[in-house]
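Colleague: Could you walk me through this one? I'd like to see how you get from the picture to an answer.

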Amino acid sequence: MDITWLLFLLPIASAAIGWLLLNKQHTLAAYLSTASVIATFVISVSMLLAGKDTQASFNWASVGDFHVKIGFMADQMARGMMIVVTGVGMLVHVFSLPYMKKDAAKARYFACLSLFMFSMTGIVLSDNFLMTFMFWELVGLSSYLLIGHWYQKESAADAAKKAFLTNRIGDFGFMIGILMIWGIAGSVSFAGIADWASHVGTLTPLMTATLGAATLCIFCGAIGKSAQMPLHVWLPDAMEGPTPVSALIHAATMVAAGIFMMVRFFTCFETGEAHGAPEADHAAVSLIPSFAWTTIAVIGIVTSLAAAFMATQQDDIKKILAYSTLSQLGYMVMAVGLQGSEASMFHLYTHAWFKALLFLGSGAVIYACHHEQNIWKMGGLLKKMPITAITFLIATLALAGFPMTAGFFSKEQILHVANHQGGMLFFIPTVLVAILTTFYMFRLVFVVFFGKNRSENAEHAHEVGPLMFIPLIALTVMAVIAGYEGIAGQMAPLFHHEKVNFGSIEFLSSIGAFIVGLVLAFVFYFNKDEDKLSGNVLSKVFANKFYIDEFYAKLVRVFQDAVAAVVHFFDEILIGGILVGGLSRSAAGFGALFRRLHSGNLQGYATLFGAGALLIIYLTVFVF
Amino acid sequence: MLLALVFIPIAAAIAIWAGSPARLTAIVAGIINLVLGLIAASSWLTNPEIGSVTYSVLSKPDIALSFSLYDGMSVVMLLLSVIVLAAAVFSGQCPAGREKLWYSNTLLIAAGAIGAFLSDDLFFFYAFHELALIPTFILIGTLGRRNRKAAAWKITIYLAFGSMVLLAGLLWLVSATEVSSLSFDTLLAASIPGEAQKGIAALLLIGFGTLISLFPFHSWAAPAYASAPAPVAMLHAGVLKKFGLYGLIRLFPLVSEGMQHWLIVLIVLLLGNIIWVGFVTLNQKRLDTMLGNSSVMHMGYVFLAIAALIAAGGEGNSLAIPAAVTLMFAHGVSIALLFALADKVEKQTGTLELQELGGLASKAPTLAFFFGLAGMASIGLPGLANFSGEILVFLSGFANYDPAKGFGPVQIATIIALWGVVISAVYMLRAFRQTFQGPEASSVKSAKNLSLLELAPIGLLTLALLAVGLYPNLILQLLK
Amino acid sequence: MPTLFFYFFAILAISGAVALVVFRNPVSSALSMVASFVGFAGLFIGLNAYFIGVIQILVYAGAIMVLFIFIIMLLDLKKEESKKFPITTVIGALLIPGLFMLQLVGIFGNFDDKKHQALDLPASAEHYQEEAPKIAATLSGANGEAPSLPDVNLIGQKLFTEFNFPFQVMGILLLVATIGVVVLSKRSPSTSASDQ
Amino acid sequence: MATLHEYLFVSGLLFAIGLAGVIARRNIIVIFMCLEMMLSAANLTLVAFSRFNTAETGLPDYDGQMLVFFIITVAAAEVAVGLAIIVALYRARQTVNVNDLTSLRG
C-alpha cells in the first residue's frame, strides 16, 4: 500500500467523521479536519522531497475488458500541485479555526472542507479523465456545500445553486469531450492518450476536426470550473461563502483545477521528454487543430480583460478580489491557449499563494469590521491592524507584479508567452489587464487601509489573533519567495526557467503597467471618501458586470423556464390530452356509449344477447 | 430459497388478512426477504443454480412455475426488490385503521415483482407482473393522496393498455419462435424470421415502453406517483417499473434485427423522455410530481443504453447491458429513497407545494442531509450509484464510435442526452433550495428531525446507493 | 303411425310453449308448460330415449314445475301485466327468434338430412357380449323375450363407468344447491327485523 | 318417420319461442320458465343427434343422452336456487316485474 493513498483516505475519513459528529462535537470535528490536512501536507512535502514518480490504481468499474480505474499518478506536476493544495488548505484550515469559532454549524463546515481536500487531491493525482471527472464533480459539490454554508440566507442558497448549475453546464461539455476523446484515442487515461498521440501519425481532416471539437468540449469543463467567459457568473456570487472558503476554493485551488486539467490534457500530446522544449512540442501538439488553441486563448484574454474592468467598480472587498481572480485565471487560460503551459502553471502556482493571502487578509478585515464588506465603510485600517495591512499590501504588490515578488516572475512569463506566441493582438490586452490590476488593487488598498475610518465598525476594528495572522505571515513569505528559481524549481508544478531580461519589452511594459496603475489609483482614490469615477455610464456598465447576469437571468427565464412551461403545457394538452389521452378518452367514450345499453332492463339484455348469438352464428356459419 | 423469496411476502400478506399484526408481520417478512435475497445474491457467484425450482403446470405448451437466478440481471433486480421492499414496508406511514389493506398490498406488489424477476418462464414472468399491478391500482385508488381516483384510473388504463400490447407482442413472439416451451432457455435458443421480428419489436417497444413510461406514453407516471402512498411509489417507481426494461433486455436477443428498424424512432422517443420530460419536470410546482416526472426522465438513459445495444448490431456492445442494469438498480434505489423522504417532508410540513416550503434544513438537518444525498444521487453525483450507471450508459453510447466515420445517431443522442444531466441538476437543486434552504417558511415551523426509527429504511437505501456508487464492481461483477 | 305421433307431440310441445309465452296469468303459463313438457317427453320416446323421456316427465313436469307453481302460489302473483306488451318488445320478440329460425333453415340447406333408420338390435348385441352379458341378452332376445333396447341399463352402464366422476360432481353440486337454497330462503335476523 | 331436420326444426322453434318469451315477458318467473323451455329445446337437439348419429355399436350414441341427463340435473339445481333467489328478491322488492328491477343500470 502506497503512502499516497493516505492523501485520499485522511480527508475523506475526516469528512465522514465530521458528518457523524454533526451537531455534537463541533470543536473535535474542526481539530480533526485540521489535523488531517496537516498530515496530508506533510505527506505531500515528503513526496516532493522524495522526488520520484509513483503510480498505482485499482479497477473501480470493470465490464469485460473495459475498466474504469481509480488511481494516482504522482508526477512532478501533481506533486507540485499537491503542495499548493495542501499548503494553502492547511493555512486556510488554521485560519478557519478562529474565523468560524462562533458558527453553529462548524462541524459541517470542516467536514465540507475535508471533503473538498479529498476531491481536490483526486483531481490533482488522477491518472485518467474519468477519475478526474468524478472528483471534478465532487469538487463542485463541496464548493456548492461551502458556498451555501449559510443556507438560511436566500442569497447564499441562490449563489450555491448558481455555482453548481453553472459548473454543470461546463461539465456537460467536459463529459462530451471525454467521450469523444475516448472514442478517438480509445483510452481515457492520460498515459493512454499520450501513447495514442505519439503513435497515431497524421489524422484525417474529419478526425482532426473531431479532436479539435473534443478539445474545446473538454475546455468547456475548464470554462465552468475556472469561471471563464461565458460561465464566469458564478464566481463573484460564490463570495457568499465564508471567506476562508473563498481563499481556498474560489481563489487558490478549485478554480485553478480547470487550468491544471487542460495542462494535463495538453501534456499528453507532448511526446517523449519534451517538457521544457517548446519547439519540440510543436509537432505533436499540432495534432490539435489551431482553431481550438485560438478559441481557448481568446476566451482567456476576453475574460481577463472584462473581469479587470468589472473589478474597477466593485465596492465589496471580496467581489473585487473575485473579479481579480477571474482576471488572473483569464491570464492562465490565455497562456494555455497560446501553448505556454509552463507559464500558465507557474502563474497558477504563484497566484495561489498571494490570492489566498489576499482573501485571508480580507477575511481578517471583514472579521475585524464585524462582517462589513463594503470598502467605503472601512478606511484607515493600517493603524488598527498593521500586520494584516502589511501582509495585504505585499500580496497586492505580488498580484500587481511588483519586481522581486512571486507575481512578478510569473506575470513576466505570461507576458512573454503573449508577446511571442500570440503577437500584439494578445500582448496589448495583456498589458492593459496588468495596468487595470494594479489600479483596482491599489484602489482597494487605499480605500481600505488609508484615509480615515468611515464607519463605526472600522473604528472599532483591531488586530486579529495569532491563529489568524500566522497563516497570513506564512502566505506572505510564500508570496514573496515562491517565484525564485531555487524554490520554484523545486515546488512549482511545471517550471520552465526563463531568465528575466531587464531590457525586454515584457519587462518594460510590466514595470510601466505597474507605475501607470499605481499613479492612477493614487490620483483617484488616495484619501478619498467616495468613488470619483462612479456615476458615469461606463462605470455603471462595469459595476453591473456588463449586465451579463441580468442577461442570463432573462435568458434562463425566457429559454429554460418559458420552454419548460410551454413543454409542460403541451405535455398536458398534446400528449396527456390528445395523443395518448385520446386513448383513454375514447375508452371513456365507448364506455359512455355502452353505458346506454346497460339500462338495467332484463329484456333489453335478453334482446341484445339474442342478437349477439345471431351475429355469432351468422359469422361462424355463413361468413367464415 | 427462491420459492421462499416469492412466497414469504404472499404468505405474510395472507397472514395479515388473517389477523396477524400488520406492520410487524410486514417488516419481519421484509427483513427475512432482504436477508434471503442477499444470501442468494452472494452465493449466486459460486453456485448459479442456487435455489432453482421448477413445477410443471402445463405440458402443451410447456409452462412451468420455475424460479431461478437466470443471469446477473436477475440477481441485481432481486437485490433491488428486496432492498426496496424492506425499506418500503418500514417507511410507510399508514393511515390508522387501514393497516391490513396497506401492508398486505404492499407485500403483494413486491411478491409480484420478485416473482417476475425470478421466473424463467415467459408465462409467469408476465403473470407475476400483472399480479403486482393489481394491488398497485388498489392502493393508489383507495389510500392515495389528493386526486387519487383520477390517478388510479389513469395508471390503470395506461398500464392495462401497455400490458395488452405487450401480451400481443409476447404471443406473437412465442408463435413465431415455434417452440413448445415457454421457458427462457428454449425461447432464447430459438430464432425468429426477420419480417416477424419487426412487428414483434414494435409491439414489445410499445408494450414494455408504456410500462416503463417511455415518451409519449409517460403521462400516467407523474400523477400516479404523486398520488400513490409512499410505499407504492417506492415499489412501483423503484422496482416494478424495471420489469419492462428487464423484459426488453431479456428478450432483446430474439428481436435484435427487428429492433434495428425502430432505432431512430426509439432514439427520438428516449430523447423525448430526457429532454421533453426534463423540461416538464422543470416546470413542476410540487415536490411529488417533480419526483414522478424525474423518474420518467431517467428512464430515458436506460433506453439510451438499449439504443446503443441495438445500434451495435452484430458487433455487440459489451457495455450496454451492464450499464443499463446498473442504472436500473441505482435509479430504483434512489427514487425509492426520494419518495420515502418526500413522504417524510409531507409528514413534517403537511405540504409538498414548493412555494409553501423553505428552510426545512435548520429544523430537520438529517432529513435535509439524506434528501440532498438522494437528490445528488439522482442527478448523478460521483460516489453514488446513479453516477456509475450513467457514466457507463454514456460510455456505452460511444463504445462503437468509429472516429473515421464520425458520429452515428447513438452518439448524437448521447450528446443530447447529456444535456439532461444539466436539466436534472436544475430541477433537483431548485427543489432542494426551495424545500430546505432559505428562510424558514410557516409550514416548517413545527417540523421535527428524523427519528432513529425513521432513519433505518433510509439508511438502508443510502447504504445501497453508497456501496454501488463507491465501488460499482459490486454490481458489475454479477453482470459478467 | 310413428310420424303421426311425432307431429302430435311436436304440435303439443310447440303450442304449450306458445301458450307459456302468451298467457298473462303465471299459473296458466306454468300449466301450459307442463303440457309442453309432455310433448317433449313424447318426442324423446319417439327417439328411443325412453329414460330421458321418463325423467323429463318426472323431473321437469313433476318436480320443477311443481316448484314453480308453489312459488307462484307462495308469492300470490296476480295477473302479470295489465298493460299490453309494448310494441318494441313485441318486435324484438318476433324479430330475433324469427331471424334465428331463418338461420336455422339456412343451416339445414348446408347439411344433408338424415333419414330415420331402425336400430338393428341383435347385431349390436355382440359389442356387449364381453362386459355386459345381460345387456347383450336383452338386445339379442336371448332371454326368451323379443329383442328390445335396454335403455336404462345402457345409460346406467355409461354413467357408472365412463361418467362416474362427473356424476359424483353432480352430487356435490346438488348438495351445494340445497344448502344454498336453504341459506337464501332463510330470513336473516336483520332483514326480518326490518320487515316487521 | 320424421327426419333429423324435422326434429331440429322443432327444437329450434321451441328454443325460439323460449327466447321470445324471455325477451317479451316481464314476470321474472315466467322468464325463468321460458329459460327452462330453451334448455329443454337444447336437450331435444342433443337427443335427436344421439339417435341419428349411431355409435359404432349400432345403438344411439349415449354420450349425448348423458349430457341431457346432466343438463336436467343441473337445471333442477338451477331452478331451486333461482327460485330461492326470486323469493328473496320478492321479499326485498315486493315485485317480480323486471321493469322494476333495474339496479344493473350502468
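Here are a few questions and answers about this predicted model.

Colleague: How far does helix α1 of chain C reach from its first C-alpha to its last?

Modeller: That helix runs over residues 2-22, so count 1.5 Å times one less than its 21 residues. The expected span comes out at 30 Å, and the model is close to that. From first C-alpha to last, α1(C) reaches 30 Å.

Colleague: Why are the buried residues of α1(C) on the same side?

Modeller: Start with who they are: C:F6, C:F9, C:A10, C:A13, C:G16, C:A17, C:L20 and C:V21 are buried. In an α-helix there are 3.6 residues a turn, so residues three or four places apart point the same way. Here the buried ones are on the same side of α1(C) because they cover an arc of only 140 degrees.

Colleague: Cool! Which exposed residues does the face turned away carry?

Modeller: Flip α1(C) over, away from its buried side. The exposed residues on that face are C:L4 and C:I11.

Colleague: And what do the buried residues of α1(C) pack against?

Modeller: One partner is in chain C itself, namely α2 (26-46). The others are in chain D: α1 (4-24) and α2 (28-52).

Colleague: Which pair of chains has the most contacts?

Modeller: Four pairs of chains touch. Chain B and chain C aren't one of them, with their nearest C-alpha atoms 22 Å apart. No contact joins chain B and chain D either. The most contacts are between chains C and D.

Notes:
Residues numbered from 1 in each chain as written. Chains lettered and ligands numbered in written order. Predicted model: local features only at pLDDT ≥ 70, side-chain atom pairs only at ≥ 80, totals over all residues. Helix = DSSP H or I, 4+ residues; strand = E, 2+ residues; numbered from the N terminus. Buried ≥ 20, exposed ≤ 12 C-beta atoms within 10 Å, placed from the backbone. Arc of directions from axis to C-beta. Contact = placed C-beta atoms within 7 Å.
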